[in-house]
Amino acid sequence: MDDSYQQSTLSGFEESEPKKPLRRRKRRIDELLLGVPKDELKRVSLNGAEIVRRQYLSHIKEAMVTIRPDGVIFNNSCISKMLDTYYIHFFIDRKQKLLIIRACEEDDKDGQRWCNEKEGIRKSKKITGRPFCFRLYQMMGWSRGYYYKVCGTPALQEDDEDELLFVFELNEYECYALTAKARKAAGVSDDELDAEELRQLNDEEQASWEQAKAEGRKVPKPIRKERLPKDWEDGSFGPKYSEHASRVVIPRVEDLEPFTAEAFNGQRTSK
């Protein structure tokens with residue numbers, strides 16, 4: 001590991017005071033479609049109920065970011081939701097553990113190209129950035145033997161409601177094991193991992209090779225065993241209705257420092 005990584009700080013991650021979540025939008029009830037008058041509908045209390053986390057259900061169409069030790073990639077669903085956007089700014093709210101992205105112009109300072117374009121269609125591209133990811137893993141206490149997927153939520157900038165943001169709650173992740181080859185390619189040495197954790201990673205990879213051999217395949221299937229945050233292991237489906245915020249609490253963007261291009265990848269990103 002480069003000494004500059006080990007000495008890196010989180011000075012680029014600014015904190016801000018959370019704001020109150022916005023009220024949910026009321027939706028019209030079509031009595032004709034339901035076939036029942038509104039005043040005859042049964043009343044049900046949600047107090048005490050749990051809102052099921054989207055990570056427990058299929059969410060392949062959700063906007064998502066994948067974070068690896070050497071870079072990040074936003075999926076096509078996320079890219080398609082931010083129209084005409086080719087460059088983005090990264091913001092970090094360390095207090096709330098949020099990654100926030102906002103569209104910017106090609107020549108804006110600290111902008112990052114986040115997609116490729118082919119035949120007029122924007123597609124995902126990997127944004128390489130080992131220093132940024134090292135700091136992010138360090139901030140979150142994540143293991144560099146895994147990569148992490150986080151769902152995003154659209155939001156509007158507080159002082160400019162025409163400015164679309166995507167907010168990723170880093171505490172609500174899924175993580176997947178990296179193979180030994182993938183760890184090496186990402187610049188992760190075995191010395192960085194706990195001995196027991198390294199043994200488990202190697203055992204899982206060995207088991208996948210043995211399964212491939214038994215099935216007559218030359219290459220094993222990718223290791224897709226997901227792991228979720230430990231504090232979700234209480235058997236619940238999600239937070240209580242009374243504790244759940246349907247929208248992420250967004251800090252004021254002007255209170256956050258964009259993560260600089262130099263800190264992201266050790267040098268200015270070429271456009």
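Colleague: How many residues apart are E196 and R199 in helix α6, and what does that separation amount to?

Modeller: This is a predicted model, so keep that in mind throughout. Helix α6 covers residues 195–214, and both E196 and R199 sit in that helix. They are three residues apart, which means a separation of about one helical turn.

Colleague: Okay, and how far apart are the closest N and O atoms of E196 and R199?

Modeller: Side chains of opposite charge can pair when their charged atoms come close. E196 and R199 do form a salt bridge here. The cut-off for that is 4 Å between the side-chain nitrogen and the carboxyl oxygen. For this pair, the closest N and O atoms are 2.4 Å apart.

Colleague: Which residues are linked with R199 in a network of salt bridges?

Modeller: Start with E196, which forms a salt bridge with R199. R199 also forms one with D203, with the closest N and O atoms 2.6 Å apart. R199 and D203 both lie in helix α6, four residues apart, about one turn of the helix. So the network holds R199 together with E196 and D203.

Colleague: Are E196, R199 and D203 buried, partly exposed or exposed?

Modeller: Partly exposed means a relative accessible area between 20% and 50%. E196 comes out at 37%, and R199 at 41%. D203 has 40% relative accessibility, so D203 too counts as partly exposed.

Colleague: Let's leave that helix. Which residue forms a salt bridge with K126?

Modeller: K126 lies in the loop between β7 (121–124) and β8 (127–128). The partner is in the loop between β1 (64–68) and β2 (71–74), so the pair ties together parts that are 56 residues apart in sequence. The closest N and O atoms are 2.7 Å apart, and the partner of K126 is D70.

Colleague: Which of K126 and D70 is buried, and which is partly exposed?

Modeller: The cut-off for buried is under 20% relative accessible area. K126 has 36%, so K126 is partly exposed. D70 has 10%, so the buried one is D70.

Colleague: And how many salt bridges does the count come to?

Modeller: We've met K126 with D70, E196 with R199, and R199 with D203. Those are among the pairs in the full count, which comes to five salt bridges.

Colleague: Is R183 buried or exposed?

Modeller: R183 is found in helix α5, residues 180–185. Leaving out residues up to four places away in sequence, R183 touches G145, L178, V188, D190, L193, L198, L201 and N202. The relative accessibility of R183 is 1%, so R183 counts as buried.

Colleague: How far apart in space are E106 and Y87, C-alpha to C-alpha?

Modeller: E106 has its place in the loop between β4 (98–104) and β5 (112–113). E106 is partly exposed, with a relative accessible area of 39%. E106 and Y87 are 19 residues apart in sequence, while their C-alpha atoms are separated in space by 5.9 Å.

Colleague: On to the rings! How many aromatic pairs are there, and what kind is W142 with Y173?

Modeller: The count comes to 11 aromatic pairs. The ring centres of W142 and Y173 are 5.7 Å apart. Their planes are at 70°, and over 60 degrees counts as edge-to-face. So W142 and Y173 are edge-to-face.

Colleague: Where do W142 and Y173 lie, and how many residues apart are they?

Modeller: W142 is in the loop between α4 (130–140) and β9 (146–157), while Y173 is in strand β10, residues 160–177. Both W142 and Y173 are buried. The pair links distant parts of the chain, 31 residues apart.

Colleague: What kind of pair do Y147 and Y176 make?

Modeller: Y147 lies in strand β9 and Y176 in strand β10, so the pair ties together parts that are 29 residues apart in sequence. Y147 and Y176 are both buried. Their ring centres are 5.4 Å apart and their planes are at 25°, so the pair is stacked.

Colleague: Which residue lies over the face of Y147?

Modeller: A charge counts as sitting over a ring only within 6 Å of the ring centre, among other conditions. Here the distance from the ring centre of Y147 is 4.3 Å, and the residue is R68.

Conventions
Residues numbered from 1 in each chain as written. Predicted model: local features only at pLDDT ≥ 70, side-chain atom pairs only at ≥ 80, totals over all residues. Heavy atoms only, no water. Helix = DSSP H or I, 4+ residues; strand = E, 2+ residues; numbered from the N terminus. Buried < 20%, exposed > 50% of the residue type's maximum accessible area, 1.4 Å probe, protein only. Contact = heavy atoms within 4.5 Å. Phe/Tyr/Trp six-rings, centres within 6.5 Å; stacked < 30°, edge-to-face > 60°. Lys NZ or Arg CZ within 6 Å of the ring centre and 35° of its normal.
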